[in-house]
Amino acid sequence: MISEAATEDRDGAMLGTAPATRDAADPTERGDADPRPRIVIIGAGLGGLTAAKRLARVDAHVTIVDQHNYHLFQPLLYQVATAALSPANIAAPIRGILRDQANATVLLGKVTGVDLASRRVLTNDHCLPYDQLIVATGARHAYFGHDEWEAVAPGLKTIEDATAIRRGVLLAFERAEDATDESERRRLLTFVIIGGGPTGVELAGSMAELARAALAHDFRHIDPTTARIVLVEAGPRVLPSFPPALAATAAHSLARLGVEVRLGRPVTRCDADGAVLGDERIESRTLIWAAGVAASGAARWLGTECDRAGRVIVGPDLTLPGHREVFVIGDTAHVEGRAGPLPGVATVAKQQGAHVARVVAARLAGAAEPGPFRYRDLGSLAIIGRREAIADFGWLRLRGRLGWFAWGLVHIYFLIGFRNRLIVALEWLWSYLTYERGARLIVDRDQS
């Protein structure tokens, strides 16, 4: 199991507040002479894209709607944020991925609602009629009732988030180099990551290596190796979804990299000058949020029941109660597994996308539908540093270099396209041998 969420937040407005739309033009609108069914997929993350590709041989119109023109592999976003990879290494144009799929049409647009009664998806420009609908709209940041913290503690869900964090981190070192006030220099060289799950752990380890290796000899007035990386976790241990022994290994590896791990310390305040943990204040100019996610606004569009995280509660076959033609998958769906709700990770989204495609194909062929969705847990992985990772496959647990090797193979496998796989493998090899990071560019956010 890859350690991060598989799909992006593509939230829209509530149904009923959408602007006037028009019927979709010819790629998504069929005439009377063309009786083929219409399948609409909202979201081109791992779940939506897997479903689209598995429907390649189905005699139907398949329309994929996304507000971005690219598919993003979210589990490696932290490497963009810490200058290890460039955004183009972990993203690919949706049209390029599906260019050879004759029954697929890609539509760039933002979904604003779903009209279940008339079976139409509303976007900012079109009304898309559907016979089968797959909703895979992903997740966004959750600040547990403190949305005002987002301005000073950005999360990591999109390429824009990653490049903005990269810019902020690299600028902190540049400003520290120029600072004359020692207290301000310490604030600039202190980085606080809030959340001890896979994203927080991977960010902390990668930032420590950025400061202590890649930037170590680049400055004249500061010593980047003295940068303070603080990982804050409200619970009793990091990586709570991993076995305690592996989580302890990860915490030990972080400490060896110089990361300060604060456990059992929920954040009570975030501002431009730092974060407050109970009665302790940590002065910092760079806060990064990795503590929680919430589903997109799909539950509002569909007017249906959702859980506390906003995920749509679906049936065992991943359909919306009362609407067998509507499927909800990935981070958007609340699906019960053997040990509670399934996590929002890449393998869940991919398996659900494949399952839904099988169900839709069987329906359209008039064949018996597959049974309820059954998730196969392929394991969990998290990387801590250039030679440190942990992997839990149930029957096998790995740590250290073996874990790192397994982590790398799995993530390269899940990337879309041979070019991205090759480039990422070469970048990792170069970084491993030289400690260099080739994506250390400071650009304005709107140019990232």
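**Close-up views of a predicted model**

R397 is partly exposed, at 46% relative accessibility. The model in these views is predicted.

**View 1. D392 and R397 form a salt bridge.** The N to O distance between the two side chains is 3.5 Å. The two partners differ in cover. D392 is buried, with a relative accessible area of 14%, while R397 is partly exposed at 46%. The cut-off for buried is under 20%, so D392 falls inside that class.

**View 2. The whole chain sets the scene for the close-ups.** The protein chain has eleven helices and 28 strands. Of its 448 residues, 57% count as buried. The accessible surface comes to about 19200 Å². Carbon and sulfur atoms hold 53% of that surface. Take the contacts between residues at least 6 apart in sequence: 68% of these join residues at least 24 apart.

**View 3. The largest nonpolar core has 66 residues.** L76, I90, F173, I193 and L239 have the most contacts inside this core. Helix α6, residues 198-214, supplies the largest share, with eight residues. A second, separate core has 54 residues. Among its members are V58, L98, L318 and V345. In soluble globular proteins, nonpolar side chains tend to be buried together.

**View 4. I193 and its contacts beyond the neighbouring sequence.** Neighbours within four places in sequence are left aside here. One group of contacts is G200, L203, A204 and M207. Another is I229, V230, L231 and V232. I288 and A290 complete the list. I193 is also one of the residues with the most contacts inside the largest nonpolar core.

**View 5. E283 meets R187 in a salt bridge.** The N to O distance between the side chains is 3.8 Å. E283 lies in strand β17, residues 280-283, and R187 in helix α5, residues 182-188. The pair therefore ties together parts that are 96 residues apart in sequence. E283 is partly exposed, with a relative accessible area of 31%.

**View 6. R281 also meets E283 in a salt bridge.** Here the N to O distance is 2.8 Å. R281 is partly exposed, at 33% relative accessible area. Both residues belong to a network of salt bridges. Its other members are E184, R187, R269, D271, D273 and R285. Across the whole structure, a search finds 19 salt bridges.

**View 7. Strand β22 pairs with strand β10.** Strand β10 covers residues 132-135, and strand β22 covers residues 323-328. The two run in the parallel sense and share three bridges. I134 has F327 in β22 as its bridge partner. In a regular strand the side chains alternate between the two faces of the sheet.

**View 8. Strand β21 and strand β22 form a hairpin.** Strand β21 covers residues 319-320. Two bridges join β21 to β22, and the strands run antiparallel. L320 stands opposite H323 in β22. Two residues lie between the strands. G322 takes a positive phi near 85° in this hairpin.

**View 9. Two cysteines, C270 and C306, compared by cover.** Which is buried, and which is partly exposed? C270 counts as buried, at 8% relative accessibility. C306 is partly exposed, with a relative accessible area of 35%. The structure holds zero disulfides.

How values were computed: Residues numbered from 1 in each chain as written. Predicted model: local features only at pLDDT ≥ 70, side-chain atom pairs only at ≥ 80, totals over all residues. Heavy atoms only, no water. Core = buried A, V, L, I, M, F, W, Y, C linked by side-chain atoms within 4.5 Å. Buried < 20%, exposed > 50% of the residue type's maximum accessible area, 1.4 Å probe, protein only. Helix = DSSP H or I, 4+ residues; strand = E, 2+ residues; numbered from the N terminus. Contact = heavy atoms within 4.5 Å. Areas by Shrake-Rupley, 256 points an atom, 1.4 Å probe, with all protein chains shown as cover. Disulfide = S-S within 2.5 Å. Salt bridge = Lys/Arg side-chain N within 4 Å of Asp/Glu carboxyl O. Pairing = 2+ DSSP bridges.
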